[in-house]
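Got your viewer open? Let's take a walk through this one, a selection at a time.

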Amino acid sequence: MNASVESRQIAVEHAAVAVRTGAELIEDRFLAVGSALDEALAIVGSLTGRVAAIPAEINSESMMQASETLWRIASEMSAVCDALPVERAALDGVKASLDRMHAPLDRLVTSIRTLAILARSSRIEAAYLSNNRYNFVEFADEIVQLAAGAQGGVNAHARSYAAISRQVAEARDSQRRFEAERGQDLRNSVLELQAAFDAIETRQHDAVRVSARVAENSARIGDVVGDVIMSLQAGDSTRQRLEHIERGLSAPAEDEAELAATCALQGAQLAHALVDFDSAVTTTRASLASIGSDADAIVALGRSLINSDSAETLHERLSAKLSAVRALILECETARLGVDSVMRTLSGALAEFRDRMETLNAISFSITTVGMNAAIKSARLGGEGRALAVISQDLRHYAGQIVGDTRELMDVFQAVLDCSMQLESARSRQDSSRLGQAETDIAAMMETLGRNEATLMAALRLFADGGSRLEQVLGEADHAFAALEDDMAPVQHAAATLAVQGRGARPVAVAASGRYTMESERRIHQSLRAVGA
């Protein structure tokens, strides 16, 4: 064997070693990438399933109830805010009307006292009469009894009036203080609760949207996985071709021409196999990157539902707001007690007042009648009945004044009644029983939100761990491919060497020998034969 043949043979042997080593590297690296793909798909499946489960948790029946409770409490507190100025105005009206009672009530007290004095005077004058003494004594006794009855009713009303005025004034002042100090806090709380409700509702709507987007990402990942599998199969095909090439290079050549032809044929096949290999590697790396991108998108969608980018979770923000709402509701209930007490007192006192005014009217009418009868009788006595006539005239005068003052009090009474009805209407627009239940509702809602948030935070930890592991796995797979491209440099060099060694060689007809079984290799061999012919 001359030096040229020996040199060519050494080049072929080196190329065969490089090809064999390349086939082994492809097998090892593609197995590692396939294993990484399996793990990555398991992680993606876990993440996808967890994100897909979040909408059901966010839109669970308990969360829907919590959302409705939140809106109801906000509505009830809004009703309290709306009622505050109405209640204050009604209390102001009650207080102003009660103040208007003061003057006619004082006149009534004075008139009744004067009647009692006149009744005693009439008794004294009747005692000095020489004629009809007993008739006038009876008249005097009747006046005394009527005056005593009127005085008892007026005194009782005066005491009730003083107590009610104090209570109304205290309730009004308390209501004013509460509105001034806490009214804005109430309005702010309503806005915050409504904003919290909107946040929950938005997250519930987002959950539906996220479900659709997660499905889209999952579908893309499924399509890409098919591409990766095909690329891995193409890589394994390249390994088989390299093994065929290595066997072809290892076969002994009968002469220099056959050796040169072998170099030309195997070099062409190797170059073609490497082109397919580069395409498979490029496709696989792009597919792995696409899987990582879609998986990151799925994790980001899940995190967006949990509000993980915020310093506080939705549960933490709501906890602070609801704690403040609890305190406000308790203060509202305390403030309500004073107004409710006033309403109860007014309800009873106004009924008694009406009865007293009607009784006083009847007494005034009786006094007027008795006074007129006495005046007629005293006129018949001439000079002896002059004093009784004057007393009778005074009785009629004060009885008329009592009637006037009573009517004025009845008008004021109607104004108090109107204000009381406004107050009652303002209270009736508030569902006090439901607001009182708010403490229990808030506790139940907090528990629901806490459980939901704990579940979501567990999912968030899964996203963090799974996302980190997925990034690591895909990174290792990409690194393995990047390293493989570098490690295949000797195979590239072997293809170039074989092309040089086989330049100008005569093609060999080996298609039917059984040595070349792959269709791509057969086509390359036939193309070389066509060039030689």
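**Stop 1: a trio of rings**

Start by selecting Phe30, and keep in mind as you go that this is a predicted model. Phe30 is buried, with a relative accessible area of 9%, and the cut-off for buried is under 20%. It sits in helix H1, which covers residues 3–58.

Now add Phe277, over in helix H4 (residues 256–306). Phe277 is buried too, at 1% relative accessibility. What kind of aromatic pair do Phe30 and Phe277 form? A tilted one: the ring centres are 6.2 Å apart, with 45° between the planes. Because one ring belongs to H1 and the other to H4, the pair ties together parts that are 247 residues apart in sequence.

Keep Phe30 selected and add Phe481. This ring makes an edge-to-face pair with Phe30, at 5.2 Å centre to centre and 80° between the planes. Phe481 lies in helix H8 (residues 438–487), so here the pair ties H1 to a part that is 451 residues away in sequence. Phe481 is buried as well, with a relative accessible area of 0%.

Show the three side chains together: ring pairs link Phe30, Phe277 and Phe481 into a cluster. How many aromatic pairs does a search of the whole structure find? It finds 2.

**Stop 2: zoom out**

Switch to a cartoon view of the protein. You should find 10 helices and 0 strands. Reading from the N terminus, the elements go α-α-α-α-α-α-α-α-α-α. Of the 533 residues, 44% count as buried.

**Stop 3: helix H9**

Next, select residues 489–501, which make up helix H9. With 13 residues at 1.5 Å a residue, H9 should span 18 Å, because the expected span uses one less than the number of residues. The C-alpha atoms at its ends are 18 Å apart, which agrees.

Colour the buried residues of H9: Val491, Ala494, Ala495, Thr497, Leu498 and Gln501. Then turn the view so that you look down the axis of H9. The buried residues fall within an arc of 165°, so they line one face of the helix. Here's the background: an α-helix has 3.6 residues a turn, so residues three or four places apart point the same way.

While you're here, click Ala489, which is also in H9. Is Ala489 buried or partly exposed? It is partly exposed, with a relative accessible area of 40%. Draw a distance from its C-alpha to that of Gly22: the two are 9.1 Å apart in space, though 467 residues apart in sequence.

**Stop 4: a spot on helix H3**

Jump to Asp185, in helix H3 (residues 133–250). Asp185 counts as partly exposed, at 27% relative accessibility. Try another distance, this time to Val325: C-alpha to C-alpha it comes to 9.3 Å, for residues 140 apart in sequence.

**Stop 5: the largest pocket**

Last stop! Select the lining of the largest pocket: Met343, Leu346, Ser347, Leu350, Ala351, Arg354, Phe413, Leu417, Ser420, Met421, Leu423 and Glu424. Which elements give two or more residues to this lining? They are helix H5 (314–380) and helix H6 (386–428). Colour the lining by class and you get 8 nonpolar, 2 polar and 2 charged residues. The volume of this pocket is about 160 Å³.

Definitions and conventions
Residues are numbered from 1 along each chain as its sequence is written. This is a predicted model: local features need pLDDT of at least 70, side-chain atom pairs count only at pLDDT 80 or more; totals for chains, interfaces and linings use all residues. Side-chain values use heavy atoms; hydrogens and water are left out. On a 1 Å grid over the protein atoms alone, a cavity is a set of points where a 1.4 Å probe fits but cannot get out, and a pocket is an open set with protein on both sides within 12 Å along at least five of seven lines; lining residues have an atom within 4 Å of a point. Grid points are joined across faces, edges and corners, and a volume is the space filled by probe spheres set on the points. Helices (H or I, at least four residues) and strands (E, at least two) are DSSP runs, numbered from the N terminus. Ala, Val, Leu, Ile, Met, Phe, Trp, Tyr, Cys and Pro count as nonpolar, Asp, Glu, Lys and Arg as charged, and the others, Gly among them, as polar. Rings of Phe, Tyr and Trp (its six-membered ring) pair if their centres lie within 6.5 Å; planes under 30 degrees apart count as stacked, over 60 as edge-to-face and the rest as tilted. Buried means under 20% relative accessible area, exposed over 50%, partly exposed in between (1.4 Å probe, protein chains only). The arc is that of the directions from the helix axis to the C-beta atoms.
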